Amino acid sequence: MRSVGDACAGCGLAQPVSRCPRPDRGWCIGKVTAPFVYESPLDAHIQAMKFRPSRAMGRALGLLLAEALQRGEPEEDVHALVPVPLHRRRLIERGFNQAFEIARPLAAATGKPLLVRGIHRQVNTQPQSLLAAHERSGNLRSAFRIRGNLKGMTVVIVDDVITTGATVNALAAALREAGASEVHAWALARVAPPGGWRQ
Ligand SMILES: [Zn+2]
């Protein structure tokens with residue numbers, strides 16, 4: 001498996017990044033950590049887990065991410081981990097939220113609590129992979145609703161893969177609206193931008 005290597009802390013892409021989303025208005029994530037390149041064999045395991053739920057695979061992938069995080073800079077002052085929620089209907093269809101399954105062993109390894117209650121995906125968004133980039137942000141606006149007060153908290157969003165970053169950024173915006181003072185994102189893998197890593 002290939003590591004992303006020298007990644008931009010803002011977006012998790014390998015450097016040099018020609019268009020880091022971080023300086024743009026509306027990028028709500030302090031630091032993205034996604035240690036692996038989304039390619040074979042990791043992509044196959046992540047895809048398989050989505051459509052053939054396997055708690056064992058979720059645990060294996062979560063432990064893999066935990067180990068990779070331990071090799072990096074220690075994350076201090078993190079109050080909670082927030083797995084990207086699925087819409088209730090999709091959760092019932094699948095019976096499984098892969099982000100939650102990855103976050104569980106991470107929570108155990110880091111000693112950080114999982115924050116799941118009150119974090120909702122309120123519109124059943126179309127799979128991002130079916131949409132063009134300009135449709136993605138519209139599709140995700142107000143996709144998440146947070147009940148509760150996160151005032152002053154530093155939270156980390158956990159997902160399996162970061163593609164454009166639109167999903168985690170929409171959740172980060174909602175978490176900040178609920179009072180979170182800092183939001184980071186951890187994912188197993190980062191999808192290379194169109195045209196490959198070197199733009
Ligand atoms: Zn960047």
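**Reasoning from values to terms in a predicted model**

Me: Pro35 is placed in the loop between β1 and β2. The model is a predicted one. Why is Pro35 called buried?

Reply: The C-beta atom of Pro35 has 23 other C-beta atoms within 10 Å. A residue is buried if that count is 20 or more. The count for Pro35 meets this cut-off, and Pro35 is therefore called buried.

Me: Which residues does Pro35 contact, apart from neighbours within four places in sequence?

Reply: Pro35 is in contact with Ser3, Val4 and Ala68. Pro35 and Leu188 are 153 residues apart in sequence, yet their C-alpha atoms are 6.1 Å apart in space.

Me: What makes Val191 partly exposed?

Reply: Val191 has 18 other C-beta atoms within 10 Å. A residue needs 20 or more to be buried and 12 or fewer to be exposed. The value for Val191 falls in between, so Val191 is classed as partly exposed.

Me: Where is Val191, and which residues does Val191 touch?

Reply: Val191 belongs to the segment after β7, the strand of residues 182-190. Not counting residues up to four places away in sequence, Val191 touches Tyr38, Val161, Ile162 and Thr163. Of these, Thr163 is 28 residues from Val191 in sequence and 5.0 Å from Val191 in space, C-alpha to C-alpha.

Me: How do you know that Ala9 counts as partly exposed?

Reply: Ala9 is located in the segment before β1. Inside 10 Å, Ala9 has 15 C-beta neighbours. That value lies between 12 and 20, the limits for exposed and buried, and so Ala9 is partly exposed. Ala9 and Thr33 are separated by 24 residues in sequence and by 7.0 Å in space, taken from C-alpha to C-alpha.

Me: Why is Ala80 described as partly exposed?

Reply: Ala80 lies in strand β3, which covers residues 80-83. Ala80 has 18 other C-beta atoms within 10 Å. Since a buried residue needs 20 or more and an exposed one has 12 or fewer, Ala80 is partly exposed. Beyond its neighbours within four places in sequence, Ala80 is in contact with Lys112, Pro113, Leu114, Leu115, Met153 and Val155. Ala80 and Ala107 are 27 residues apart in sequence, with C-alpha atoms 8.5 Å apart.

Me: Why are helices α2 and α4 called oblique to each other?

Reply: Two packed helices are described by the angle between their axes and the distance between the axes. The axes of α2 (residues 55-71) and α4 (residues 98-110) cross at roughly 50° and come within 7 Å. An angle under 35 degrees would count as roughly parallel, and one from 65 to 115 as roughly perpendicular. The angle between α2 and α4 fits neither range, nor is it over 145, the range for roughly antiparallel; the two helices are therefore oblique. Their crossing is right-handed.

Me: Which residues of α2 and α4 meet, and what kinds of residue are they?

Reply: On the α2 side, the residues include Arg55, Gly58, Leu61 and Leu65. On the α4 side, they include Gln98, Ile102, Pro105 and Ala109. The residues of this contact divide into nine nonpolar, four polar and four charged.

Me: How do you know that the length of helix α6 agrees with what it should span?

Reply: Helix α6 has 12 residues, numbered 166-177, which at 1.5 Å a residue should span 16 Å. The end C-alpha atoms of α6 are 16 Å apart, so the two values agree.

Me: What makes α6 mostly covered?

Reply: In α6, 10 of the 12 residues are buried, so α6 is mostly covered. Among them are Ala166, Val168, Asn169, Leu171 and Leu175. Just after α6, Gly179 takes a positive phi of about 115°.

Me: Which peptide bonds to Pro16 and Pro41 are cis, and where do these residues lie?

Reply: The bond from Gln15 to Pro16 is cis, with omega near 0°. Pro16 is in the segment before β1 (32-33). The bond from Ser40 to Pro41 is also cis, with omega near 5°, and Pro41 is in the loop between β2 (36-37) and α1 (42-51).

Me: How many helices and strands does the protein have, and what pattern do they follow?

Reply: The protein has six helices and seven strands. Along the sequence they follow the pattern β-β-α-α-β-α-α-β-α-β-β-α-β. Of the 199 residues, 34% are buried.

Conventions
Residues numbered from 1 in each chain as written. Predicted model: local features only at pLDDT ≥ 70, side-chain atom pairs only at ≥ 80, totals over all residues. Helix = DSSP H or I, 4+ residues; strand = E, 2+ residues; numbered from the N terminus. Axes fitted to C-alpha atoms, helices over the stretch in contact; angles between N-to-C directions. Left-handed = near helix turned anticlockwise from the far one by under 90°. Contact = placed C-beta atoms within 7 Å. Nonpolar A, V, L, I, M, F, W, Y, C, P; charged D, E, K, R; others polar. Expected span 1.5 Å × (residues − 1).
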